[in-house]
Amino acid sequence: MATKTIFQKIIDREIPADIIYEDDRALAFRDVSPQAPVHVLVIPKQPIRSWADIADADAGLMSHLTLVIRDLAKKLELADGYRVVCNCGPDGGQSVDHLHFHLLGGRTMRWPPG
Ligand code: AMP
């Protein structure tokens with residue numbers, strides 16, 4: 001069996017995380033190295049490696065994650081705006097091979113990102 005990613009270990013409660021939301025398909029927890037006053041990671045419980053590995057059959061799950069992010073932004077009071085980021089693959093800067101979305105807020109973001 002492939003080695004578990006750090007996010008799979010968080011899903012399986014093998015390592016701690018500051019979990020702020022959970023349902024049957026999604027988990028959200030605070031990033032251990034925050035890049036903004038609010039920095040949350042939203043992940044599917046299903047082990048999809050990256051954006052490039054999303055299957056057509058995952059369309060419902062992806063819609064669900066979109067709505068989870070929207071609702072979390074509201075719950076976290078990011079009324080002035082926020083950024084949602086998904087790094088894909090080595091060139092995209094992905095460091096954990098479990099699909100995840102960064103929800104960043106609480107400060108004005110710059111563009112373009114590095
Ligand atoms: P990426 O570089 O897009 O793959 O993002 C991975 C993110 O996971 C980084 O922002 C890390 O700070 C974060 N991270 C790594 N390990 C943990 C952990 N144990 N708990 C919370 N966040 C983590």
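Let's start with an open space: the second largest pocket here has a volume of about 250 Å³. Keep in mind as you look around that this is a predicted model. How do you find a pocket in the first place? Rolling a probe the size of a water molecule over the atoms shows where empty space is left.

So what lines this pocket? Its wall is made of 19 residues, and nearest the centre you'll find Phe7, Phe29, Asp31, Val32 and Leu41. Two elements, H1 and S2, each give two or more residues to that lining. H1 supplies the largest share, with three residues. Sort the lining by class and you get 10 nonpolar residues, six polar ones and three charged ones.

Now, what sits in the second largest pocket? That's where you'll find the ligand. Have a look at who surrounds the ligand: there are 16 residues, and the closest are Asp31, Asn87, Ser95, His100 and His102. You've already met Asp31, which is also among the residues nearest the centre of the pocket. Here "surround" has a simple meaning: a residue counts if one of its heavy atoms lies within 4 Å of the ligand.

Which parts of the fold does this shell come from? Helix H1, running over 6-11, and strand S2, running over 26-30, each bring at least two residues. H1 gives the most, with three residues. So H1 is a name to remember, since it also makes the largest contribution to the lining of the pocket. By class, the shell holds seven nonpolar, seven polar and two charged residues.

Zoom in on some individual contacts next. The side chain of Asn87 has an N or O atom 2.8 Å from an oxygen atom of the ligand. His100 also places a polar side-chain atom 2.8 Å from a ligand oxygen. The side chain of His102 has a polar atom 2.8 Å from an oxygen of the ligand, too. And how much of the ligand does the protein bury? On its own, the ligand would expose 500 Å², and the protein buries 81% of that.

Time to move to another space. The largest pocket has a volume of about 430 Å³. It is lined by 16 residues, with Arg83, Val85, Asn87, Leu104 and Pro113 closest to its centre. Notice Asn87 again: this is the residue whose side chain comes 2.8 Å from a ligand oxygen. Strand S4 (82-85) and strand S5 (101-105) are the elements that give two or more residues to the lining of the largest pocket. As for classes, that lining has six nonpolar, seven polar and three charged residues.

Before you go, check out two spots in the backbone. Where is the cis peptide bond that joins Trp111 to Pro112? Pro112 lies in the segment after S5, and omega for this bond is about 5°. The other spot is Arg13, found in the loop between H1 and strand S1 (19-22). Arg13 has a phi near 60°, a positive value in a residue that isn't glycine.

Definitions and conventions: Residues are numbered from 1 along each chain as its sequence is written. This is a predicted model: local features need pLDDT of at least 70, side-chain atom pairs count only at pLDDT 80 or more; totals for chains, interfaces and linings use all residues. Side-chain values use heavy atoms; hydrogens and water are left out. A polar contact is a pair of N or O atoms within 3.5 Å; within protein, one must be able to donate a hydrogen and the other to accept it, and residues adjacent in sequence count only if both atoms are side-chain atoms. Accessible areas come from the Shrake-Rupley method with a 1.4 Å probe; for residues, only the protein chains shown count as cover. On a 1 Å grid over the protein atoms alone, a cavity is a set of points where a 1.4 Å probe fits but cannot get out, and a pocket is an open set with protein on both sides within 12 Å along at least five of seven lines; lining residues have an atom within 4 Å of a point. A molecule sits in a cavity or pocket if more than half of its atoms lie within 2 Å of its grid points. Helices (H or I, at least four residues) and strands (E, at least two) are DSSP runs, numbered from the N terminus. Ala, Val, Leu, Ile, Met, Phe, Trp, Tyr, Cys and Pro count as nonpolar, Asp, Glu, Lys and Arg as charged, and the others, Gly among them, as polar. Grid points are joined across faces, edges and corners, and a volume is the space filled by probe spheres set on the points.
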